[in-house]
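Work through the exercises below with the sequence and the 3D structure at hand. Try each task before reading its solution.

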Amino acid sequence: YSHSKYHIKFSSSLDDSVRVTYWSEDTNILFSNYSYGLTHNIVLPFLMSGTKYSFKIISKNSSSKLYTFTTRELPDSFPSLFLEKDSTFSFDGYLFFKTQTDPGVHFMLDDKGNIIWYSIADSVLSRPFNLASKQSFLSLSEKNVFHEISFYGDTISTINTGDNLIHHDLLKKDSLYVTLTYQYLNKDILKKNKILDSLAGDGIVVFNNMGEEIWEWNIFDHVDPFSENYVLREDWSHANAISIDRDGHFLISFRNFDQIWKIHSNSGEIIWRLGLNGDFDLNKENIFYQQHAIHNVDDDKLLLFDNGSADFRKSSRALLFTLDSVQNNLFLHQSIFLPDDLFTFKQGSVYQFNDNKYLFSSSTNNKTLITDRFGKILWNLASDESFYRVYYVDK
């Protein structure tokens, strides 16, 4: 699936360490990893599309003749991309995307908008993908099968979640995989209350690196929908993000509640609820709507993408804040609004990187932006396709 790499396969007459040196007209001389033995399969990763490369195989004392190859052109399904950027702004990493089309494409861009890596996605299941490490990412191929794949194209792990159907989000922490799953209220309870034929909530499932399920959580084990103040509907809670707080407990975003919950990672108890009608005293400035992408920043701070609301505030922003769970207060560090014409009522994300720069995905507008902490747009990528989230990858 990875179309940004080539394999150089060969045999050598001496049992020696060898590697490949390669280059194009527009790149400096590059070197592969070393290979040892008599037979070799050396990967050349992160190759530009439609580009002629030259290479030689080299050892300590000798080198091969000169070889050449030309990489594939981008597939027809690749999105169109149009970049506007502040001429003084640059960043020394990559942005990681996944399209929401079938077939889908994972790809990475540098700060100039060059495509430095791409891979045909396994499926159209576009939302659940994430970085697993600096060298690998997570992605689905079925609603109950996900993979950890290196940027060299190697499959590191494949996890089958059985009856647990994955949606919206998955992550890796140390040697554990964590994902959101659908849960449904017992039909007998629904019949007893004579409301709706189906009511979908959310769950958390944790797997070890052997693919064994070691922990699970079901929202209906901890709350009774009929005793809560949340609107009753078939898609009841609509979790869209999960992360792990600095103390090891789970943070989960419930879009339909306009709330973030903290879940104890052993007992499953709800530690607190943040948001409208939650456990914290929020002033008008701190209220968020239909949020996404909750995660921890700098140990004690939390960052989320506040989508806003067509009914209450048609603007989207980043919220960076600290919680005092003893005094039940929220201290707001940054509130960074996107221009009103970039309001995105669904999907979207924001992440912080490189000295208080903020990476936004304005999904319904097909825009990816980088701003400073005051909201000044430094990098603006438009596309003919939308992206649910965009991640920063440290070079």
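The exercises that follow concern a predicted model and deal with a sheet, two pockets, aromatic rings and backbone angles.

**Exercise 1. The sheet**

Task: In what order do the five strands of the open sheet stand, and which strands are at its edges?

Solution.
- Step 1. The order across the open sheet is 6-29-28-27-26, with antiparallel pairing.
- Step 2. Strand 6 (81–85) and strand 26 (349–353) each have a single partner strand, so these two are the edges, and one side of each has no neighbour in the sheet.
- Step 3. On average, neighbouring strands in this sheet are turned by 15 degrees against each other, direction ignored.
- Step 4. At one edge, strand 26 pairs with strand 27 (residues 357–362) over five bridges, in the antiparallel sense. Within this region, Ser-349 is placed opposite Ser-361 of strand 27.

**Exercise 2. The largest pocket**

Task: Which residues are closest to the centre of the largest pocket, and which strand gives the most to its lining?

Solution.
- Step 1. The largest pocket holds about 1,000 Å³ of space.
- Step 2. Its lining has 28 residues, and those closest to the centre are Asn-130, Leu-131, His-295, Asn-296 and Tyr-351.
- Step 3. The elements giving two or more residues to this lining include strand 10 (129–131), strand 22 (292–297) and strand 26. The edge strand 26 of the first exercise therefore appears here too.
- Step 4. With five residues, strand 22 gives the most.
- Step 5. By class, the lining has 14 nonpolar, six polar and eight charged residues.

**Exercise 3. The second largest pocket**

Task: How many residues line the second largest pocket, and which strands each supply at least two of them?

Solution.
- Step 1. The space in the second largest pocket is about 760 Å³.
- Step 2. There are 31 lining residues, and Pro-45, Phe-46, Tyr-94, Ile-116 and Lys-395 are the closest to the centre.
- Step 3. Strand 2 (30–31), strand 7 (93–98) and strand 30 each supply at least two residues. Strand 30 (391–394) is also among the elements that give two or more residues to the lining of the largest pocket.
- Step 4. This lining divides into 16 nonpolar, eight polar and seven charged residues.

**Exercise 4. An aromatic pair**

Task: What is the geometry of the pair Trp-117 and Phe-151, and are its members buried or exposed?

Solution.
- Step 1. The model has 38 aromatic pairs.
- Step 2. In the pair of Trp-117 and Phe-151, the centres are 5.1 Å apart and the planes are at 90 degrees, an edge-to-face arrangement.
- Step 3. Trp-117 belongs to strand 9 (residues 115–120) and Phe-151 to the loop between strand 12 (145–150) and strand 13 (155–160), so the pair ties together parts 34 residues apart in sequence.
- Step 4. Buried means under 20% relative accessible area. Trp-117 has 1% and is buried; Phe-151, at 4%, is buried as well.
- Step 5. Ring pairs also link both residues into a cluster with Phe-96, Phe-129, Phe-137, Tyr-351 and Tyr-391.

**Exercise 5. Positive phi**

Task: Where do Phe-46 and Asn-277 lie, and what is the phi of each?

Solution.
- Step 1. Most residues other than glycine have a negative phi.
- Step 2. Phe-46 has a positive phi of about 55 degrees and lies in the loop between strand 3 (35–44) and strand 4 (52–58). Its relative accessible area is 32%, so Phe-46 counts as partly exposed.
- Step 3. Asn-277 has a positive phi near 60 degrees and is found in the loop between strand 21 (270–275) and strand 22. Asn-277 is exposed, at 77% relative accessible area.

Technical notes. Residues are numbered from 1 along each chain as its sequence is written. This is a predicted model: local features need pLDDT of at least 70, side-chain atom pairs count only at pLDDT 80 or more; totals for chains, interfaces and linings use all residues. Side-chain values use heavy atoms; hydrogens and water are left out. Two strands pair if DSSP finds at least two bridges between them. Helices (H or I, at least four residues) and strands (E, at least two) are DSSP runs, numbered from the N terminus. Axes are lines fitted to C-alpha atoms, for helices over the stretch in contact, and angles run from 0 to 180 degrees between N-to-C directions. On a 1 Å grid over the protein atoms alone, a cavity is a set of points where a 1.4 Å probe fits but cannot get out, and a pocket is an open set with protein on both sides within 12 Å along at least five of seven lines; lining residues have an atom within 4 Å of a point. Grid points are joined across faces, edges and corners, and a volume is the space filled by probe spheres set on the points. Ala, Val, Leu, Ile, Met, Phe, Trp, Tyr, Cys and Pro count as nonpolar, Asp, Glu, Lys and Arg as charged, and the others, Gly among them, as polar. Rings of Phe, Tyr and Trp (its six-membered ring) pair if their centres lie within 6.5 Å; planes under 30 degrees apart count as stacked, over 60 as edge-to-face and the rest as tilted. Buried means under 20% relative accessible area, exposed over 50%, partly exposed in between (1.4 Å probe, protein chains only).
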